[in-house]
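Reader: Got a minute to walk through this model with me? I'd like to start at one histidine and work outward.

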Amino acid sequence: MAYDDTNIFARILRGEVPCDKVYEDEHVLAFNDINAQTPVHVLVVPKGRYVSMDDFAANAPDEEIVAFVRAVGKIARDQGVAESGYRFLSNHGEDGRQEVPHFHVHLFGGRRLGRMITPIAQ
Ligand code: 5GP
């Protein structure tokens, strides 16, 4: 799947659409989800043009992958959920119900979470 430069996270990264930023470095931007599911619901986004986890894992340089994972850990600590616990999750593709075609991780926390997935398809 080719990267679509009109996706909403690409527009946020270009500064065309505002976001509630919680973290930024050379490789990573993180902001609060517009439709938060938990008290802490942060989206962590690489600045590079990667469609999904599959694309990122296969094609991102090591430096960007390391920066991304380090950023997720730091953001969780900064959000105050490293001790209480959190979940990070990435939807890939149709079965994963990915809506925005720019790789991102959801960081959920701030309350006790439900089980990992709903047991039947919805
Ligand atoms: P996905 O299903 O692709 O993993 O999740 C996309 C997420 O992006 C959803 O949780 C949705 O609420 C969030 N989202 C979609 N549009 C925007 C936006 O314009 N701003 C922010 N902050 N989040 C968005």
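**Contacts, cores and ligand**

Author: Sure. Leaving aside neighbours within four places in sequence, His-104 is in contact with Phe-9, Leu-43, Val-44, Val-45, Leu-89, Ser-90 and Gln-98. Keep in mind that this is a predicted model.

Reader: Where does His-104 lie?

Author: In the loop between β4 (86-89) and β5 (105-109).

Reader: Is His-104 buried or exposed?

Author: Buried. Its relative accessible area is 6%, and the cut-off for buried is under 20%.

Reader: What lies 2.7 Å from a polar atom of the His-104 side chain?

Author: The backbone oxygen of His-102.

Reader: On to the ligand. How many residues surround it, and which are the closest?

Author: 16 residues surround the ligand. The closest are Asp-33, Asn-91, Glu-99, His-104 and His-106. So our histidine is on that list.

Reader: What about polar distances to the ligand from Asn-91?

Author: An N or O atom in the Asn-91 side chain is 2.8 Å from a ligand oxygen.

Reader: And which atoms of Glu-99 and Val-100 come in?

Author: Backbone ones. For Glu-99, a backbone N or O atom lies 2.7 Å from an oxygen of the ligand. For Val-100, a polar backbone atom is 2.9 Å from a ligand oxygen.

Reader: Switching to packing. Which residues touch the most other members of the largest nonpolar core?

Author: Val-42, Val-44, Phe-68 and Ile-75, out of 18 residues in that core. β2 (28-32), β3 (40-46), α3 (62-78) and β5 each supply at least two residues. α3 gives the most, with five.

Reader: What does Ile-75 touch?

Author: Not counting residues up to four places away in sequence, Ile-75 touches Val-22, Tyr-23, Ala-30, Val-42, Val-44 and Leu-107. Another core, of eight residues, lies apart from the largest one. Among its members are Ile-12, Phe-31, Val-45 and Val-100.

Reader: Any general background on cores?

Author: In soluble globular proteins, nonpolar side chains tend to be buried together.

Reader: Back to α3. How many residues does it have, and how far does it reach?

Author: It has 17 residues and reaches 24 Å from first C-alpha to last. That is close to the 24 Å expected at 1.5 Å a residue.

Reader: Which α3 residues are buried?

Author: Glu-64, Ala-67, Phe-68, Ala-71, Val-72, Gly-73, Ile-75 and Ala-76. The buried residues of α3 pack against β1 (21-24), β2, β3, α2, β4 and β5.

Reader: What comes just after α3?

Author: Gly-80, which takes a positive phi of about 80°.

Reader: Aromatics next. How many pairs in the whole structure?

Author: Five aromatic pairs. Take Tyr-50 and Phe-56. Their ring centres are 5.2 Å apart and their planes sit at 75°, so the pair is edge-to-face. Tyr-50 and Phe-56 are both buried.

Reader: Which residues do ring pairs link into a cluster?

Author: Tyr-50, Phe-56, Phe-68 and Phe-103.

Reader: Where is Phe-56, and what is it in contact with?

Author: Phe-56 is in helix α2 (residues 53-59). Its relative accessible area is 4%. Beyond neighbours within four places in sequence, Phe-56 is in contact with Pro-46, Tyr-50, Glu-64, Ile-65, Phe-68 and Phe-103.

Reader: How far apart are the C-alpha atoms of Phe-56 and Phe-103?

Author: They are separated by 7.1 Å, with the two residues 47 apart along the chain.

Notes:
Residues numbered from 1 in each chain as written. Predicted model: local features only at pLDDT ≥ 70, side-chain atom pairs only at ≥ 80, totals over all residues. Heavy atoms only, no water. Helix = DSSP H or I, 4+ residues; strand = E, 2+ residues; numbered from the N terminus. Buried < 20%, exposed > 50% of the residue type's maximum accessible area, 1.4 Å probe, protein only. Polar contact = N/O pair within 3.5 Å; in protein donor to acceptor, adjacent residues only side chain to side chain. Contact = heavy atoms within 4.5 Å. Core = buried A, V, L, I, M, F, W, Y, C linked by side-chain atoms within 4.5 Å. Expected span 1.5 Å × (residues − 1). Phe/Tyr/Trp six-rings, centres within 6.5 Å; stacked < 30°, edge-to-face > 60°. Near = heavy atom within 4 Å.
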